Amino acid sequence: MLGYVVPNRVHLDVRVGTGLVGEERLAALEAERARLEPLGAVHVQTLYDGHDACIPMLDIEGNEFCID
């Protein structure tokens with residue numbers, strides 16, 4: 001075993017658009033993104049295929065989570 005420590009990693013998906021599709025889903029996710037940014041979250045990208053959407057973000061310590 002090597003002598004280094006790896007921090008525990010947990011990936012969270014924040015569910016805000018449950019039951020929504022298309023533009024309605026994207027709008028709900030974008031509203032949550034806009035709410036979280038002033039709290040220190042960083043927008044990574046918006047993934048949208050015309051039906052489904054997901055927004056990966058980083059918390060204030062650089063951990064990734066998704067608004068889903």
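**Exercise 1. Cysteines**

Task: Find how many disulfides the whole structure holds, and say where C54 and C66 stand.

Solution:
- Start with the cut-off: a disulfide is a pair of cysteine sulfur atoms within 2.5 Å.
- A search of the whole structure finds zero of them.
- C54 is in no disulfide; its nearest cysteine sulfur belongs to C66 and is 3.8 Å away.
- C66 is likewise in no disulfide, with the sulfur of C54 at 3.8 Å.
- Now check burial. Buried means under 20% relative accessible area, exposed over 50%, and partly exposed in between (1.4 Å probe, protein chains only).
- C54 is buried at 17%, and C66 is buried at 8%.

Keep the source in mind. This is a predicted model, in which local features need pLDDT of at least 70, side-chain atom pairs count only at pLDDT 80 or more, and totals for chains, interfaces and linings use all residues. Residues are numbered from 1 along each chain as its sequence is written, and side-chain values use heavy atoms, with hydrogens and water left out.

**Exercise 2. Confidence**

Task: State the mean pLDDT of the protein chain, and name the elements with the lowest and highest mean values.

Solution:
- pLDDT is the predictor's confidence in each residue, from 0 to 100.
- The chain has a mean of 89, and 88% of its residues reach 70 or more.
- Elements are DSSP runs numbered from the N terminus: helices (H or I, at least four residues) and strands (E, at least two).
- Strand 1 (residues 12-14) has the lowest mean, 88.
- Strand 2 (residues 42-43) has the highest, 97.

**Exercise 3. The core**

Task: List the residues of the largest nonpolar core, and find which elements each supply at least two of them.

Solution:
- A nonpolar core is a set of buried Ala, Val, Leu, Ile, Met, Phe, Trp, Tyr and Cys residues joined through side-chain atoms within 4.5 Å.
- Nine residues make up the largest one: L26, L29, L36, A41, A53, I55, M57, F65 and I67.
- Helix 1 (22-36), strand 4 (53-58) and strand 5 (64-67) each supply at least two.
- Look at I67. Not counting residues up to four places away in sequence, its contacts (heavy atoms within 4.5 Å) include V14, L29, L36, C54 and M57.
- In soluble globular proteins, nonpolar side chains tend to be buried together.

**Exercise 4. Salt bridges**

Task: Count the salt bridges, then describe the pairs D52 with R25, E32 with R35, and R33 with E37.

Solution:
- A salt bridge is a side-chain nitrogen of Lys or Arg within 4 Å of a carboxyl oxygen of Asp or Glu.
- The structure holds six.
- D52 pairs with R25, with the closest N and O atoms 2.8 Å apart.
- D52 lies in the loop between strand 3 (47-48) and strand 4, and R25 in helix 1, so the pair ties together parts that are 27 residues apart in sequence.
- D52 is partly exposed at 40%; R25 is buried at 8%.
- E32 meets R35 at 2.8 Å, N to O. Both lie in helix 1, three residues apart, about one turn.
- R33 bridges to E37 at 2.6 Å.
- Salt bridges that share partners join R15, R25, D52 and D68 into one network.

**Exercise 5. Strand pairing**

Task: Which strands pair with strand 5, in what sense, and over how many bridges?

Solution:
- Two strands pair if DSSP finds at least two bridges between them.
- Strand 1 runs parallel to strand 5, joined by three bridges. L12 stands opposite F65.
- Strand 4 pairs with strand 5 in the antiparallel sense over four bridges. Here M57 has F65 as its bridge partner.
- The hairpin of strand 4 and strand 5 has five residues between the strands, and G62 takes a positive phi near 90 degrees.
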